[in-house]
Amino acid sequence: MRKEIYLVRGNENEDYRAFTDRILELAGETAAKFNPDALRITVTKQAPPKISIIPFKKSKIAVISVYKENHESVDVLKKAAGFIGAYKVEEAIPVAYEKTWPNGEPTPGVCLLTLFHRKPGIDYDTFINRWHNGHTPLSLKIHPLWNYNRNVVLQKLCDSYGWYDGIVEEQTRTRAALLNPFKFFGDGLEITGNMIAVYKDVRSFLDYKKIETYLATEYHII
């Protein structure tokens, strides 16, 4: 099945609730018009904490994931206010939750949404190997992840917009599991070593200056 990701940013005049409502309405319109096999959104529903070990962006963004068999362009998303790009991606889910809640309701817990670029100076094969075979196992070992959705960007669907090499959604069962360093990185003597290990690993294959991290919430629409 083909997966496409559409990115939409909020504007300065929208608060988080208005932005979330707009994205939910946009997702519903897309589902009704195009009838994809599945549609999910991940949206910055609330402001991140003012103090956090994770450098959250304060801007608003939504990832709209469309799963379908055809190549039909989802024009309603490309015309949305704040649209910044559309991409064909290759998805992998090394750890998956069991969905027990109805479509349209927020997924329990919270999501760490990360958009990133390959580190300059390393070739693409090295980047993929470091990401998939190095960083992913490390993340799953250290962090209490409930769901891990990894997307390799394969193709831009709009030539006039920018590029990301990867889009990742890491979900925890509770807000505290992500925002409390002693839960997200381990407790006791482990926390410092784990934080250093993750920091060094990320810098080995990602362009650290361009990483975008957001506190987000997921919804399954269909």
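Which residues does His220 touch, not counting residues up to four places away in sequence? I began my notes with this residue, working throughout on a predicted model, and I found that His220 touches Leu39, Arg40, Tyr97, Lys99, Trp101, Asn103, Gly104, Glu105 and Thr107.

**His220**

I placed His220 in strand β8, and I noted a relative accessible area of 13%, under the 20% cut-off, so His220 is entered here as buried. I then looked for polar partners of the side chain and recorded a polar contact of 3.5 Å to the side chain of Glu218.

**Helix α1**

I turned next to α1, which runs over residues 16-34 and holds 19 residues. From its first C-alpha to its last I read 27 Å, close to the 27 Å expected at 1.5 Å a residue.

Which residues of α1 are buried? I listed Tyr16, Phe19, Thr20, Ile23, Leu26, Ala27, Thr30, Ala31 and Phe34. They cover an arc of only 135° around the axis, and therefore they sit on the same side of α1. On the other side of the helix I found Arg17, Glu25, Ala32 and Lys33, which are exposed.

I also asked what covers the buried residues of α1. The cover includes strands β1 (2-9), β2 (38-43), β3 (61-68) and β8 (212-220), together with helix α2 (75-78). Strand β8 is thus entered twice in these notes, since His220 is found in it and since it helps to cover the buried residues of α1.

**The two ends of α1**

At the N-terminal end I noted Asp15 as the cap of α1, with a side-chain oxygen that lies 3.2 Å from the backbone nitrogen of Arg17. Arg17 is also one of the exposed residues of this helix.

Just after α1 I came to Asn35, whose phi is positive at about 50°. I marked this value because most residues other than glycine have a negative phi. Asn35 belongs to the loop between α1 and β2, and I asked whether it is buried or exposed. Its relative accessibility is 62%, over the 50% cut-off, so Asn35 counts as exposed.

**Helix α6**

For α6 I compared the span with the expected value: its 16 residues should span 22 Å at 1.5 Å a residue, and its end C-alpha atoms are 23 Å apart, which agrees. The buried residues that I listed in α6 are Ile191, Asn194, Val198, Asp201, Val202 and Phe205. They cover an arc of only 105° around the axis, which puts them on the same side of α6. Among the elements that cover these buried residues I recorded α3 and α5 (181-184).

I looked more closely at Ile191, which lies in α6 and is buried with a relative accessible area of 10%. Not counting residues up to four places away in sequence, Ile191 touches Pro181, Phe182, Phe185 and Gly186. I also took the distance to Ile142, which is 49 residues away in sequence and 9.3 Å away in space, C-alpha to C-alpha.

**His143**

I located His143 in the loop between α3 and β6 (147-156), and at 7% relative accessibility I entered it as buried. Its contacts, leaving aside neighbours within four places in sequence, are Glu170, Phe184, Phe185 and Val198. Phe185 appears among the contacts of Ile191 as well, and Val198 is one of the buried residues of α6. For the side chain of His143, I noted that a polar atom lies 2.7 Å from the backbone oxygen of Phe184.

**The largest pocket**

I finished with the largest pocket, for which I recorded about 630 Å³ of space. Its lining consists of 26 residues, and those nearest its centre are Pro55, Val198, Val202, Tyr208 and Thr213. Which helix supplies the largest share of the lining? I found that α6 does, with 5 residues. At least two lining residues each come from β5 (110-116), α3 (124-142), β7 (166-172) and α6 (190-205). Val198 and Val202 link this entry to the one on α6, where both are listed as buried.

I added a last note on Lys209, in the loop between α6 and β8, which is exposed with a relative accessible area of 83%. Between Lys209 and Phe116, 93 residues apart in sequence, I read a C-alpha to C-alpha distance of 9.4 Å.

Definitions and conventions: Residues are numbered from 1 along each chain as its sequence is written. This is a predicted model: local features need pLDDT of at least 70, side-chain atom pairs count only at pLDDT 80 or more; totals for chains, interfaces and linings use all residues. Side-chain values use heavy atoms; hydrogens and water are left out. Helices (H or I, at least four residues) and strands (E, at least two) are DSSP runs, numbered from the N terminus. The expected span of a helix is 1.5 Å times one less than its number of residues. Buried means under 20% relative accessible area, exposed over 50%, partly exposed in between (1.4 Å probe, protein chains only). The arc is that of the directions from the helix axis to the C-beta atoms. Contact means heavy atoms within 4.5 Å. A polar contact is a pair of N or O atoms within 3.5 Å; within protein, one must be able to donate a hydrogen and the other to accept it, and residues adjacent in sequence count only if both atoms are side-chain atoms. On a 1 Å grid over the protein atoms alone, a cavity is a set of points where a 1.4 Å probe fits but cannot get out, and a pocket is an open set with protein on both sides within 12 Å along at least five of seven lines; lining residues have an atom within 4 Å of a point. Grid points are joined across faces, edges and corners, and a volume is the space filled by probe spheres set on the points.
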